[in-house]
Amino acid sequence: MESKNAPISPELLLKLRKALLSWFQKNKRDLPFRINKNAYRIWVSEIMLQQTRVAAMLPIYETFLERFPDPNSLKEASEDEVMKYWKGLGYYSRARNLKKGAGLLVEKFSGEFPKNYDDALSIPGVGSYTASAVLSIAYGKHHAVLDGNVKRVLSRLFLIEEDPLLNSTNQLLGNLAQEFLTPDSAGDHNEAMMELGALVCVPIPICESCPLIDHCEAKAAGKEREIPVSKSVDNWIDLDLHFLFLRSKNQILLLKYSGRRFFKTIYSLPFRLEGKHPYEKDSISEELFEESRLNTHPHRTKHSITNHRIQLKFSDILEEDRTRIEKILNKKQDVLFKWVREEDLKEEFPSSISGKLIKLKNKTIKQPELPVGKL
Ligand code: SF4
């Protein structure tokens, strides 16, 4: 194959596109968001898939679309209800953006996902990848997608050995993706590339099942497992997230406010960030977490949110004087609070973290064995 900076020869382009699309027709998975080419449904699926695997997303996708079958129903729903239907997917800002975007579709685009690329980019949460995916799959527009799977396939096919973190590498891959895109079948082509990256050209590639093997430069060079070069930057932030079961009259306190680091749009148990981290202290949680009354449960469990590696822990405090707490909260701007039954926690705090905290709480605390020996 020629240099990656030179145009790909027309003969080779034809062969590659034909092999890719015929493989896709035979091997594509029967996924519900492929049943029809409705732009709204494709948009929802693409947003859900941004940080969630297909198997985990599918049951939630179906229920979400049964309840919100079109932009108007999503726009009209309360944010709390949308968050409940999003439960299990995490990264709740995506749901908040979907709801805002649905409002924009109704108010500005006659209730439909726009057909123009720049209009698509004006929707909250829609970047170049999502705009290209929806426009090509729903409307057949000639925009190539470039997600992690597509980048891996292209890097191997055209032997791109540059650092994938560089903008110049991204630009190069974007140009190749656009050049490779099949005219008149942009949607199928994009889906085929993503599917190939998800099923065959996986991190340890299954080259013997690949329709492009005869033309793959990385395979020819014996470098298919080395490309793309692995990321060298470790940007994980380690955090302890300390939750509070603050109980009063058989109920527990939940809070919602946008000025905190996580769960800006849903009710959650009060929490504070502990450990070494780069974030400012949250004055509300500082007031609720009275050091002398904390009785931190000894067990921990792990969780991750974006680039945060989190240890979850909790304390459980009985508050006789509910009005004292309410006075503190009423003085704060933008803070919403409510008291709920503990058995409703999973419903009221729609995050997988609530389930983990309940499990943690139910763990039997083993008493240390007394040493046997002389008294
Ligand atoms: S031959 Fe192997 S490395 Fe090359 S594109 Fe196919 S699966 Fe990926």
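**A predicted model: ligand shell, cores and loops**

Good morning. The residues of the shell around the ligand divide into seven nonpolar, two charged and no polar. I begin there, and I should say at once that this is a predicted model.

Which residues surround the ligand? They are Arg156, Val200, Cys201, Pro205, Cys207, Cys210, Ile213, Cys216 and Glu224. As for the space that the ligand takes, it is the largest cavity.

One of these shell residues, Arg156, leads us to helix α9, which covers residues 148-157. This helix is mostly covered, with seven of its 10 residues buried. The buried residues of α9 are Val150, Arg152, Val153, Leu154, Ser155, Arg156 and Leu157. What do they pack against? The buried residues of α9 pack against four helices, namely α1 (10-27), α10 (167-180), α11 (186-199) and α12.

Let me now step back to the chain as a whole. The protein chain contains 16 helices and six strands. Its C-alpha trace spans about 80 × 65 × 35 Å along the principal axes. Of its 375 residues, 46% count as buried. Consider next the contacts between residues at least 6 apart in sequence: 67% of them join residues at least 24 apart.

I turn to the interior. In soluble globular proteins, nonpolar side chains tend to be buried together. In this model, the largest nonpolar core has 99 residues. Which residues have the most contacts inside this core? They are Trp43, Phe243 and Leu357. Leaving aside residues up to four places away in sequence, Trp43 touches Leu98, Gly101, Ala102, Leu105, Phe113, Ile123, Val126, Thr130 and Val134. Apart from the largest core lies another core, of 14 residues, with Leu244, Tyr257, Leu294 and Ile325 among them.

A single serine deserves a moment. Ser132 lies in helix α8, residues 128-139. Is Ser132 buried or exposed? Its relative accessible area is 4%, and the limit for buried is under 20%, so Ser132 is buried. Again not counting residues up to four places away in sequence, Ser132 touches Tyr117, His143, Ala144, Val145 and Asn190.

Finally, I come to the backbone in three loops. Where is the place of Pro228? Pro228 is in the loop between α12 (217-220) and β1 (237-248). The peptide bond from Ile227 to Pro228 is cis, with omega near 0 degrees.

Following β1, the loop between β1 and β2 (251-256) holds Lys249. This lysine has a positive phi of about 50 degrees although it is not a glycine. Phe263, in the loop between β2 and β3 (271-274), likewise has a positive phi of about 50 degrees and is not a glycine.

How do these two residues stand with regard to burial? Lys249 has a relative accessible area of 64%, and the limit for exposed is over 50%, so Lys249 is exposed. Phe263 has a relative accessible area of 9%, under the 20% limit, and is therefore buried.

To close, I would leave you with two points from this predicted model. The ligand takes up the space of the largest cavity, and the largest nonpolar core has 99 residues. Thank you for your attention.

Terms used:
Residues numbered from 1 in each chain as written. Predicted model: local features only at pLDDT ≥ 70, side-chain atom pairs only at ≥ 80, totals over all residues. Heavy atoms only, no water. Core = buried A, V, L, I, M, F, W, Y, C linked by side-chain atoms within 4.5 Å. Buried < 20%, exposed > 50% of the residue type's maximum accessible area, 1.4 Å probe, protein only. Contact = heavy atoms within 4.5 Å. Near = heavy atom within 4 Å. 1 Å grid on protein atoms, 1.4 Å probe; cavity = no way out; pocket = protein on both sides within 12 Å on 5 of 7 lines; lining within 4 Å. Sits in = over half its atoms within 2 Å of the grid points. Nonpolar A, V, L, I, M, F, W, Y, C, P; charged D, E, K, R; others polar. Helix = DSSP H or I, 4+ residues; strand = E, 2+ residues; numbered from the N terminus.
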